[in-house]
Amino acid sequence: MEINKLFPGVFRVDGRLATASIARGAKVYGEDLTDQGEVQYRMWNPYRSKLAAAIIKGLRTLSIRPGSSVLYLGASTGTTCSHVSDIVGEKGLVYCVEMAERSMRDLLKVCEKRGNMLPIHKDARDVDSYAGDVGIADAIYQDLSARDQDSILLLNARLLKKGGYAYVAIKSQSIDVAADPDKVYGRFLSNVSTMFCVEERIDLMPYDKLHLFVVLKKR
Ligand SMILES: C[S@@+](CC[C@H](N)C(=O)[O-])C[C@H]1O[C@@H](n2cnc3c(N)ncnc32)[C@H](O)[C@@H]1O
């Protein structure tokens, strides 16, 4: 088996992207598991996870690393979140904000097996309701299908450390279905520019056609 490290906690296993599982034997979305000695690798599907797609498409900075605390906005049923949980490991924490009841039900089952994933059943606009639990995070990951994605990010930015990174999947169709996607992305980046500078812009094709993935650094 050929294993290469791409980032701390992120690997290529026989050419496939993977993380080292912190919940041995537990699958979250039907992913393949492969044992190598003590370590069990979980294959990370770039068609199911925008962060995986961004890494394959050449992401340069991944500040989500072992020991990090991550504020994850739009956790859904835990697909990408569970890989973030593997990356940050036992000494890190992932605060998983999700407002949909149904997704939260599945997410809770994932959190039960992973002590570093803390479910927060809230609207990400209601930052005050969870700010005390989160404190100051090392990184934000945002993947919400919401028209006001930019203001939600700005509201949550106070929970990100200065100089910390936000990883954002911007969905143009959720923001303005009729507008040219490049204009929607430009407007999003301009609206958040008071608090963030753009470090990377990643086109996720062919894995995802609907989003632009951006890496932002808090000023
Ligand atoms: C595209 S899915 C996220 C997929 C997930 N990041 C992954 O890769 O596994 C978007 C999620 O954001 C949630 N969401 C949308 N607006 C939200 C808000 N204001 N607060 C919290 N969750 C929200 C939706 O319920 C949905 O589950």
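Visitor: In what order do the five strands of the open sheet stand?

Guide: This is a predicted model, so let's read the order straight from it. Five strands make up an open sheet here, with antiparallel pairing. Going across, the order is β1-β2-β3-β5-β4.

Visitor: Which are the edge strands there?

Guide: Look for strands that pair on one side only. Two of them fit that description, and they are β1 (3-7) and β4 (33-36).

Visitor: By how many degrees are neighbouring strands of this sheet turned against each other on average?

Guide: Here direction is ignored, and the value is an average over neighbouring strands of the five-stranded sheet. The turn comes to 40 degrees.

Visitor: What is the bridge partner of Val13 in β3?

Guide: Start with the strands: β2 (residues 10-13) pairs with β3 (residues 16-20) in the antiparallel sense, over four bridges. Val13 has its bridge partner in β3, and that partner is Arg16.

Visitor: Now the ligand. Which residues around it come nearest?

Guide: There are 18 residues around the ligand. The ones that come nearest are Tyr72, Thr80, Glu98, Ala124 and Asp143.

Visitor: How far is an oxygen atom of the ligand from an N or O atom in the side chain of Glu98?

Guide: A polar contact needs a pair of N or O atoms within 3.5 Å. Ala124 offers a backbone N or O atom 2.8 Å from a ligand nitrogen, and a polar side-chain atom of Arg125 lies 3.3 Å from a ligand nitrogen. For the side chain of Glu98 and a ligand oxygen, the distance is 2.6 Å.

Visitor: How much of the ligand's exposed area does the protein bury?

Guide: The space that the ligand takes is the largest pocket. Taken alone, the ligand exposes 610 Å². The share of that buried by the protein is 86%.

Visitor: Why is one side of β8 and of β11 left without a neighbour in the sheet?

Guide: These strands belong to an open sheet of seven, with mixed pairing and the order β8-β7-β6-β9-β10-β12-β11. β8 (117-120) and β11 (196-203) stand at its edges, so each has a single partner strand. Neighbouring strands of this sheet are turned by 20 degrees against each other on average, ignoring direction. The reason you asked for is the edge position, with a single partner strand for each.

Visitor: Which residue in β12 stands opposite Asp203?

Guide: β11 and β12 (residues 211-218) run antiparallel and are joined by seven bridges. Opposite Asp203, in β12, stands Leu212.

Terms used: Residues numbered from 1 in each chain as written. Predicted model: local features only at pLDDT ≥ 70, side-chain atom pairs only at ≥ 80, totals over all residues. Heavy atoms only, no water. Pairing = 2+ DSSP bridges. Helix = DSSP H or I, 4+ residues; strand = E, 2+ residues; numbered from the N terminus. Axes fitted to C-alpha atoms, helices over the stretch in contact; angles between N-to-C directions. Near = heavy atom within 4 Å. Polar contact = N/O pair within 3.5 Å; in protein donor to acceptor, adjacent residues only side chain to side chain. Areas by Shrake-Rupley, 256 points an atom, 1.4 Å probe, with all protein chains shown as cover. 1 Å grid on protein atoms, 1.4 Å probe; cavity = no way out; pocket = protein on both sides within 12 Å on 5 of 7 lines; lining within 4 Å. Sits in = over half its atoms within 2 Å of the grid points.
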